[in-house]
Structure formats: C-alpha cells, structure tokens
Amino acid sequence: MGLDVHAETIAVAVAEVDGEVRSLGVIANRADSIRKLIGKLGAVDRLRACYEAGATGYVLYWQLSELGVDCAVIAPTLVPVKAGDRVKTDRRDAEKLARNHRAGDLTAVWVPDSGSEALRDLVRAREAASRINCVRVTG
C-alpha cells in the first residue's frame, strides 16, 4: 500500500503482486477508518504499507503496526521522480509510493517509539520557549 497522508485524509493505493497498481480512494485520517480499511484488505501478514515522513508524524505508523501491518515511513527526498512528471495529486502520489515500495526503491527512516517521540516534543517545546524568552529580553 502507498499512503499519501494529510492531517484530515489519506489517499490509498495498492500495488498488487500481479503488477496492477490502483487507487482505493481517500479515507479519513482517523483510527476507525484505518482499522476498517485494513479489515477490507485481508490478511495483515501479507500487507506492506508506506507513507512519506512529514508533519503528520508517526501516529499512522504506530496504528498500522498495532494492527499487525508492516509499515515503513519513507524519506521524501529519496523517492524517485520521473523527469517531466510535474502533475502531483494525492492519488498519483499514493500510487507512486505503492509502486516504488513494491519494487524496493524506497528508503525508510528510523521511527522513534512513543517515549522517544514524547522526549523530542519536549525538547522542541523547550527550544521554542527559549527563543520566545530571548526575543522578549532583547526586543
């Protein structure tokens, strides 16, 4: 599966073993919608999913892993791009991810566990607070 993830929606595409790559449409980016999608697709031990790392974080990775789906979070800058392919849609991005994931052409990033992610969030918040205090003192 290739998943083009946004805050509210996820465009879903599958790359079948026989070579067909097809869009399954768009689902809501909610746990119940994801669980329903996985239930429709069949045996989780045969599913492999991927999505690009981005602002939505790792929640989807943790949800899919909890459901038993092998999931990879992909480095966006390392996704192969065809020359002249300038038309970007969520459906096309999901299909491209599915096709490249099946071919083994994608590079996954390290996914922190929830404890590590909470620590990273705390450090980011502290740095942001420090920047605000520096502006107030000097401004």
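A: A cavity is a set of grid points where a 1.4 Å probe fits but cannot get out; in this predicted model, the structure holds one cavity of 30 Å³ or more.

Q: How is such empty space found, and how much space lies in the largest cavity?

A: Rolling a probe the size of a water molecule over the atoms shows where empty space is left. Here the largest cavity has about 30 Å³ of space.

Q: Which residues line the largest cavity, and what classes does its lining have?

A: The lining is made up of Met 1, Leu 3, Ile 10, Ile 27, Ile 34, Leu 37, Ile 38, Leu 60 and Leu 64, and by class it has nine nonpolar residues, with no polar and no charged ones. At least two lining residues come from each of α1 (31-41) and α2 (59-66), and α1 gives the largest share, three residues.

Q: Turning to helix α3, is Glu 95 buried or exposed?

A: A residue counts as buried under 20% relative accessible area; Glu 95, at 13%, is therefore buried. Glu 95 belongs to α3, residues 90-103, and, leaving aside residues up to four places away in sequence, touches Ala 13, Val 21, Arg 22 and Ser 23.

Q: Which other residues of α3 are buried, and what do the buried residues pack against?

A: Besides Glu 95, the buried residues of α3 are Asp 93, Ala 94, Leu 97, Ala 98, Asn 100 and His 101, and the buried residues of this helix pack against β1 (2-5), β2 (9-15), β3 (21-28), β4 (48-52) and β5 (70-74).

Definitions and conventions:
Residues are numbered from 1 along each chain as its sequence is written. This is a predicted model: local features need pLDDT of at least 70, side-chain atom pairs count only at pLDDT 80 or more; totals for chains, interfaces and linings use all residues. Side-chain values use heavy atoms; hydrogens and water are left out. Helices (H or I, at least four residues) and strands (E, at least two) are DSSP runs, numbered from the N terminus. Buried means under 20% relative accessible area, exposed over 50%, partly exposed in between (1.4 Å probe, protein chains only). Contact means heavy atoms within 4.5 Å. On a 1 Å grid over the protein atoms alone, a cavity is a set of points where a 1.4 Å probe fits but cannot get out, and a pocket is an open set with protein on both sides within 12 Å along at least five of seven lines; lining residues have an atom within 4 Å of a point. Grid points are joined across faces, edges and corners, and a volume is the space filled by probe spheres set on the points. Ala, Val, Leu, Ile, Met, Phe, Trp, Tyr, Cys and Pro count as nonpolar, Asp, Glu, Lys and Arg as charged, and the others, Gly among them, as polar.
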